[in-house]
Amino acid sequence: MSEKGKTLVERHALKRLAKVEKNKQKASETANVKKSGQNNRRSAENSLSNNSTSANQEQSSTYASTSNDITTNLQASLNLSNDLSSLSNLPLAFNSVSSNNSTSNNSNSQLPVTLAANFMTLAATDATVAKPDFTGTALLGYIGTDGKYVSGSDISYTSSTSASSLPNLAFRLSTANNDTTNSQQFFVMIPKGFKSSVNDFSQLGSSRYTYPFNAGFSGPESFSSSEYSVKDLGEVGPNGEQLFSITLTANPNWGNNFGGQFKLTLDPTVTGQYSYNEYTAPLVSELASDGQGWNNGNFTGFTIDGKHVDVVNTEGYASSIQYAVNQALKPTFTGTATLGNLSNGTFVSANSTNYTADTPTTDLPTLNVRLSTNGTTTVDKPQFIVAIPKGFTATGNSLISSDTVSKYFGDNFKGTNSFSSSDYSVESIGTNSNGEELYLVKLNFNPSESNNKDLGLQFKLALDSSAQGSYTYNSSSTPLVSELASDGQSTAGTATITANGKTYDVVRSSNATDVTYYINNTQTPTFSGTAWFDANEKVYNGNSATLPTYTFRLSTYGNSTIKNPKFILMIPAGFTATKDDITFGAGVNPTNVQDLGNYGPNGEKLFEITLSSNPVWSSPTNTVKLTLDPQNGGSYKYSYNTAPLVSELAGDANQGAAGSDFTYTFKVGNDKTPINVVKSQYPVNEQNDGSVSYTVQAGSTKLDTTSYNISNLKVTPYKGETINDAGYEQLHFTFTPTTQLKSGDYFDVQLGLPNADGSIKEYDTKLGNNLAITTTDGTQVGTAYNMGTYYRIVFNANAAKYTTGNNHPSWNLKLSWGNPGSQTPSISTDQSSSNTTNLGTTFVYKYTNDLSLNGTKFAYTPTNDVTINGQRYASGLHIQGQYVYDGQYLKGNDQTYSSMVEPYNRIWYPDNKVGIATNWYNRVTVNIATNGAKNSNQNTSNNFDITVSVGKNDVFNYQWATDEDLATQIKDHLAKYVTNDLSNTVDSESNVYLNNNEKMVIKLTLK
């Protein structure tokens, strides 16, 4: 049977069953609660008074005897349906007495008197009274002369309404389930705008079945006067409604419902529109101490004679009524307006758009207005006000075509918008103080949603070229569309509009548009996108089972008027992808994704992504499925200083931070077309260091050392062409294969001193980009890959064609290692035999037993500092060496200088406040080199003066170190005894070392 077809008893029985099952579950969860002493007795009282309907809810108490340490556990069951007025109905206790590891049981002990007293107290409390569920309801209406019910809802009552047409307030007082009360009190509230009296009360009698009460009616035709009483409590409703109490001597359960009605008269002093339902103050309710029901959270009781009285409402049986008193019955205004136009059948909002004098007329927005209401009304000629957005003027208006009208309002339009010119009119009423043009729209019908009679108007707009700025319309601005307050009800507050000296009170709609646009005011956002590349410090090759994940975010922050912004996505070198490998997150809808080719600085694949709108900060991430590309192998690093993995075209966004590090130029295509982009301040992986480094191995088979010859090997240091170019050492050699080369054959090239453990100490560390190896006819036969600290030469399939049979061409290779921090290479470009002390960075050390030679320089010519395929060659370079004393010696400062610390004494803050340091000082520091200074002019010898000059000012205090303090500091800092600890010998050079670790042996102290 459907819910609607069930009787009141059947429906409430189902609700009660659900509650009982829920309470059983709660009882099961709280059963067997064990605590000790008096605290447990309190717990038992509280638990057993929680309105539980469980048949047996066990509570236990523990009593300890202080004389013999015997513990007695008492467990009892209490049936709340029992009459507890007699001790004979108290449950028995099960006693378990434990002492000295023995247990005795007695199952027939009466509960202790103290616990019995608690049960008796519980029986006397209100919580044990079984209260019925209140199910009453009320109707606004009357029984007509034809014997049928006439609803009084959705009607406007005025002084012209005849008395016979005024409604009654009919009600049913009813409950469900048994109770233990002797009498029950109910309240009936007269709807606002009406009055009644005790004399206007009558029982429903034979009409009790004619009123369409929710769930029907079941009770006698009338109660005797001794079984009920009616009392006027005065106008104590929440809105001044008149309230009556009705007291019954019996429970009005099913079969004994009480039906009554109050004849109503109109209150001429009240004007307004009112509604009542299960979420408002109830028209009929029961005293909370007599019944249980539902409180909607909005209303809990009345204030009667200065005291708050709690009541319960009905759950699921209340009627919903609305009406008007001494005014028209007004519907709820639900209209809205949009600013924009259709593009290829899709509405495009004016939001975030900048309009200028150059904007084509066809691209200017239109103001699209939907006039609509909801609910019954007696208003038949409603009026609305339309405001033209600031910066625009209206050039005309018309009905929107029925074919497209719904598209302007998100497909939320009820009706066909088929009206004639006689159905509506539009007239200008002037301009308000904000400069917005205002139009009054009059209808000769109610634009009811339920009747599918929404009306859609479109206002053509022209740009006010003198305007400039940003303009926002939302729920708190001038409403773009509103209804006169006399004709409609608000869902979002009211507003006052004044034009030409006339004031209009209007109501707003909760469907107000939120739009911000600009006129002659371009807004450029700041790019904030980034990429996540899970490859840091990893090595990938053709056997890698797992490739790194690559995700990216396209986002900006700040206002934007940019349309169709473009972004550049770069696939990390050593990997590749297609357009189909890019998966965009929910809500990211690119209008175009273009493969620009492999034009990153390392041959990376580039994609240009165009979006239809500016992506905000919270834009979702997007994913790229990568494929390994060993043909573009090498060691790579991406950071703030490199080409960005994700960027935005410079014309579409501002760079994330100031400085050249946050801009970049890609050169795309054969003609190297520049694409200028801006970077985000958020680094790759959003790590603090903002970088990711990884390696993609190239090549598959290491060449045998017998399959080629190396000749003409030489290394030459060069200075960078400009201060922005690194100085470098260039290795030149000739490679001549003696057998046929195969695709994937490779060998490695390293430059630097070999350690005895096989590692290489590079002279410089900045390698060049991957280098193509070609034949004289331009055919590429291989690549020199930058592997981070060395080059790997890998040959491709073309190499096999050029090395067949007796063909053994030679290739001259030039590979460079640069100094990342200087225009000068780490090895001096002056390689003459006369230069022995100015050869650049010191790379090697030798011991000397002559203290006078300590720190002096010598020239060293390596014999094994070029490693090709594991074989060692001499570079021909002269590099800097240094002698260090093989013993303990005194070492002093090597510079003389002075400095002063100047602390801040005023700090200005953004809120125009200033912080003043009242205790501040300058500290003067000196460093003394008696001899052995790097600059001999700084040698002071053992006799020197320290002079500090200050201006005379009585405000300042001067603190001077004493002669003794100064002598102590000089002795403490001037010199120390040290030794040199050399380590890591150059391979095959037992007395030449790569590292020197100076160790302090003794620190001088004062005697």
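1. A strand, in this note, is a DSSP run of type E with at least two residues, and strands are numbered from the N terminus. On that basis Val311 belongs to strand 22, which covers residues 307-312. The structure discussed here is a predicted model.

2. Val311 deserves a further remark on its surroundings. Its relative accessibility is 2%, so Val311 counts as buried, given that the term applies under 20% relative accessible area. Thr300 lies eleven residues away from Val311 along the chain, and the C-alpha atoms of the two residues are separated by 6.1 Å.

3. Asn298 offers a case with the opposite exposure. This residue sits in the loop that runs between strand 20 (284-287) and strand 21 (301-304). Asn298 counts as exposed because its relative accessible area is 57%, and the cut-off for that term is over 50%. Between Asn298 and Thr280 there are 6.7 Å from C-alpha to C-alpha, although the two are 18 residues apart in sequence.

4. Ser174 is also a loop residue, placed between strand 10 (168-173) and strand 11 (175-176). With a relative accessible area of 0%, Ser174 is buried. Its side chain joins that of Thr135 in a polar contact of 2.8 Å.

5. Lys605 is located in strand 49, a strand of residues 605-611. Is Lys605 buried or exposed? Its relative accessible area is 10%, and therefore Lys605 is buried. The side chain of Lys605 has a polar contact of 3.3 Å with the side chain of Asp595.

6. One open sheet has six strands, in the order 32-33-30-36-38-37, and its pairing is antiparallel. Strand 32 (424-431) and strand 37 (494-499) form the edges, each of them pairing on one side only. From one strand to the next, the twist averages 35°. At one end of this order, strand 37 is paired with strand 38 (residues 502-507) in the antiparallel sense, over six bridges. Within that pair, Thr498 has Thr503 of strand 38 as its bridge partner.

7. Another open sheet has three strands in the order 42-56-52, with mixed pairing. Here the edge strands are strand 42 (538-540) and strand 52 (634-638), and each pairs on one side only. The twist in this sheet averages 25° from one strand to the next. Strand 42 and strand 56 (residues 692-696) are paired in the parallel sense over three bridges. Lys538 is found opposite Tyr694, a residue of strand 56.

8. Two hairpins may be examined in turn. In one of them, strand 25 (residues 336-343) pairs with strand 26 (residues 346-349) in the antiparallel sense, over four bridges. Ser343 stands opposite Thr346 of strand 26. Two residues lie between these strands, and Asn344, in the turn, has a positive phi of about 55°.

9. The other hairpin is built from strand 54 (residues 663-668) and strand 55 (residues 673-678), which run antiparallel and are joined by six bridges. Opposite Thr665 stands Asn676, in strand 55. Four residues lie between the strands of this hairpin, and Gly669 takes a positive phi near 85°.

10. The interior also calls for comment. Rolling a probe the size of a water molecule over the atoms shows where empty space is left. How many cavities of 30 Å³ or more are counted? The count comes to eight cavities of 30 Å³ or more. The largest cavity holds about 190 Å³ of space. This cavity is lined by 17 residues, and those closest to its centre are Pro644, Leu645, Tyr682, Pro683 and Val684. By class, the lining comprises eleven nonpolar, five polar and one charged residues.

Key:
Residues numbered from 1 in each chain as written. Predicted model: local features only at pLDDT ≥ 70, side-chain atom pairs only at ≥ 80, totals over all residues. Heavy atoms only, no water. Buried < 20%, exposed > 50% of the residue type's maximum accessible area, 1.4 Å probe, protein only. Polar contact = N/O pair within 3.5 Å; in protein donor to acceptor, adjacent residues only side chain to side chain. 1 Å grid on protein atoms, 1.4 Å probe; cavity = no way out; pocket = protein on both sides within 12 Å on 5 of 7 lines; lining within 4 Å. Points joined across faces, edges and corners; volume = space filled by probe spheres on them. Nonpolar A, V, L, I, M, F, W, Y, C, P; charged D, E, K, R; others polar. Pairing = 2+ DSSP bridges. Axes fitted to C-alpha atoms, helices over the stretch in contact; angles between N-to-C directions.
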